[in-house]
Amino acid sequence: MSTSRTIICLLRNDLRIHDNELFHWAQRNADHIVPLYCFDPRHYMGTYNYNLPKTGPFRLRFLLDSVRDLRNTLLIKGSNLVVRRGKPEDVVADLIQQLGSVSTVAFHEEVTSEELNVEKKVKDVCAQMKVKVHTCWGSTLYHRDDLPFHHTSRLPDVYTQFRKAVETQSRVRPEFPTPEQLKPLPPGLEEGAIPTAEDLQQTEPVADPRSAFPCTGGESQALGRLKHYFWDTDAVATYKETRNGMIGVDYSTKFAPWLAMGCISPRYIYHQIQQYERERTANQSTYWVIFELLWRDYFKFVAVKYGNRLFHVKGLQDTSKPWKKDTTLFNAWKEGRTGVPFVDANMRELAMTGFMSNRGRQNVASFLTKDLGLDWRMGAEWFEYLLVDHDVCSNYGNWLYSAGLGNDPRENRKFNMIKQGLDYDNNGDYVRLWVPELHKIRGADVHTPWTLSSAALSHADVSLGKTYPTPVVIAPEWSKHINKKPSGTGPSPRGKNGPSHTPKQHRDRGIDFYFSRSKNL
């Protein structure tokens with residue numbers, strides 16, 4: 001039996017070395033460190049209700065990128081990433097037995113049931129094998145222990161109350177320093193091969209040149225993205241004006257995929273914003289990045305407060321609604337064949353790239369739950385499958401809000417698909433980008449092809465019901481905006497890098513979907 005102390009750092013959604021308490025703690029307490037990532041077979045099975053694939057091609061590619069990048073970073077620091085395929089509790093047990101020197105298993109705590117179940121099983125294994133467990137909290141901007149609510153059961157059910165309380169009564173902790181070097185692996189331990197998409201029964205996705213997120217996973221790329229968005233281009237200084245864009249890479253930060261896998265720390269983003277505000281400019285846009293990080297925190301803490309109600313059909317307030325489970329309608333929605341171009345464009349972008357704008361997500365969720373009346377969990381599980389930035393708390397939290405089942409039931413909105421299309425894609429460029437069969441319909445008319453004359457449709461080579469579907473539903477409130485469409489001859493405000501402006505009436509909205517007082521969406 002070796003007398004050296006070995007610490008296993010079990011990595012999950014914390015695939016970084018900067019601001020990572022696990023490495024900071026292990027470096028001070030071990031002779032050997034085993035950074036471990038497990039490809040858990042449970043992540044590649046079906047979703048809970050509708051048996052959709054749990055991890056789709058885009059997120060898997062991003063994950064494989066992130067694992068490779070972390071391995072490269074660790075190698076530079078005198079360590080390595082040990083990769084195994086298997087359940088973490090089984091892999092940890094095998095390593096403890098194999099090494100004979102493991103004193104502690106350390107990991108970051110998660111908040112939802114599947115992740116908590118893994119944690120319990122790992123703790124059980126360690127207890128049986130007389131190995132200590134050390135846990136950290138590192139996924140949020142504000143640390144769980146610093147919230148001004150004493151207990152998460154007292155978390156406010158209104159985001160604004162949460163935001164004001166933490167902004168005035170809490171502080172963001174400093175980052176943990178990035179270690180220059182890490183203690184090595186125990187001698188003789190094999191690194192293990194990083195699997196391919198094919199190994200995990202998944203196809204390699206095809207890159208789409210239209211993608212608003214043509215980025216790769218990994219800590220190096222995340223830090224590079226922040227440098228580009230903050231320091232190289234100053235794009236962050238106009239974020240609040242551009243964040244509702246739909247075309248291009250730089251209309252928003254695009255940090256979400258890296259945040260979801262822990263490739264970038266929310267505290268790092270916060271402290272970079274603070275530095276940017278000191279050295280360059282402080283305005284509503286720079287604050288809005290923090291505002292969005294706080295939404296992410298809020299959904300995480302809501303999941304702690306409500307537990308599995310996050311996934312229940314009745315939502316957080318136990319409200320029954322007569323949801324439909326019409327697979328024909330659901331298939332039309334997920335494949336972008338509803339006959340409502342703004343919805344279809346967004347759903348096709350998601351299917352082809354794994355990404356969709358914040359504005360698009362709000363609209364397609366409202367369409368599925370309010371216009372089609374389908375079970376919100378169908379939408380949530382489809383997003384879970386395809387989104388490159390899937391974060392369980394944010395995804396299910398957002399869908400509950402959309403379905404009117406969130407923790408503040410007053411915030412129950414229905415979006416008007418035509419008004420939203422005209423507001424955020426007023427010349428129709430986004431629709432024509434993703435629904436090419438309508439590309440000959442000029443201007444804003446592309447949002448409502450069913451209102452055009454037979455001659456206009458014929459001129460555009462569109463045959464409703466043949467080359468493009470007739471709408472699966474037409475909401476009565478759409479009609480008042482159909483006659484307000486701008487003429488189809490002007491230039492589009494949305495260039496390659498996203499919109500040059502956000503419509504004036506929307507500039508001061510927060511995530512208006514959740515707490516706007518206006519019902520005219």
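Which residues of α14 are buried? In this predicted model, they are W376, R377, M378, G379, A380, E381, W382, F383, E384, Y385 and L386. Helix α14 spans residues 376-386, and 11 of its 11 residues are buried. Several other helices supply the cover. Among the elements that lie over the buried residues of α14 are α2 (57-76), α11 (327-334), α12 (341-353), α13 (358-371) and α15 (392-402).

One of these covering helices, α15, is itself mostly covered. Nine of its 11 residues are buried. The buried set consists of C393, S394, N395, Y396, G397, W399, L400, Y401 and S402. The N-terminal end of α15 is capped by D391. A side-chain oxygen of D391 lies 3.0 Å from the backbone nitrogen of C393. Just after the helix comes G404, with a positive phi of about 75°.

The confidence of the prediction can be stated briefly. The average pLDDT of the protein is 92. A score of at least 70 is reached by 92% of the residues. Residues 488-519 have a pLDDT below 50. In the model this stretch has 88 contacts beyond near neighbours in sequence.

Attention now turns to the nonpolar interior. The largest nonpolar core contains 123 residues. Those with the most contacts inside this core are V67, F162, F230, I269, W333, W376 and W382. Helix α10 (residues 284-306) provides the largest share of the core, 13 residues. V67 shows how distant positions in the sequence meet. With neighbours within four places in sequence left aside, V67 is in contact with L15, Y37, F39, L81, V83 and I194. Another core lies apart from this one and has 22 residues. Its members include V91, V122, V131 and L189.

P186 offers a further view of the fold. This residue is found in the loop between α5 and α6 (219-232). P186 counts as buried, at 7% relative accessibility. Residues up to four places away in sequence aside, P186 touches T6, H32, I33, V34 and L99. E277 is 91 residues from P186 along the chain, and the C-alpha atoms of the two are separated by 44 Å.

Charged side chains were examined next. Side chains of opposite charge can pair when their charged atoms come close. The count comes to 31 salt bridges. One of them joins E384 and K54, with an N to O distance of 3.2 Å. This pair links distant parts of the chain, 330 residues apart. E384 sits in helix α14, and K54 sits in the loop between β2 (32-39) and α2. Both ends of the bridge are buried: E384 has a relative accessible area of 8%, and K54 has one of 10%.

A second salt bridge is formed by R144 and E109. Their closest N and O atoms are 3.2 Å apart. R144 belongs to the loop between β5 (132-136) and α5 (159-169), while E109 belongs to the loop between β4 (102-108) and α4 (113-128). These positions are 35 residues apart. R144 is partly exposed, with a relative accessible area of 28%.

A third bridge pairs E437 with R348, and here the closest N and O atoms are 2.8 Å apart. E437 lies in the loop between α17 (429-434) and α18 (454-459), and R348 lies in helix α12, so the pair ties together parts that are 89 residues apart in sequence. E437 counts as partly exposed at 25% relative accessibility, whereas R348 is buried at 15%. Elsewhere, salt bridges that share partners join D40, R42 and E89 into one network.

How many disulfides does the count give? The count comes to zero. A disulfide requires two cysteine sulfur atoms within 2.5 Å. The closest cysteine sulfur to that of C263 belongs to C215 and is 12 Å away, so the two are too far apart for a bond. C263 is buried, with a relative accessible area of 0%. C393 is likewise in no disulfide. The nearest cysteine sulfur to C393 is that of C263, 17 Å away. C393 is buried too, with a relative accessible area of 1%.

Conventions. Residues numbered from 1 in each chain as written. Predicted model: local features only at pLDDT ≥ 70, side-chain atom pairs only at ≥ 80, totals over all residues. Heavy atoms only, no water. Core = buried A, V, L, I, M, F, W, Y, C linked by side-chain atoms within 4.5 Å. Buried < 20%, exposed > 50% of the residue type's maximum accessible area, 1.4 Å probe, protein only. Helix = DSSP H or I, 4+ residues; strand = E, 2+ residues; numbered from the N terminus. Contact = heavy atoms within 4.5 Å. Salt bridge = Lys/Arg side-chain N within 4 Å of Asp/Glu carboxyl O. pLDDT = per-residue confidence, 0-100. Polar contact = N/O pair within 3.5 Å; in protein donor to acceptor, adjacent residues only side chain to side chain.
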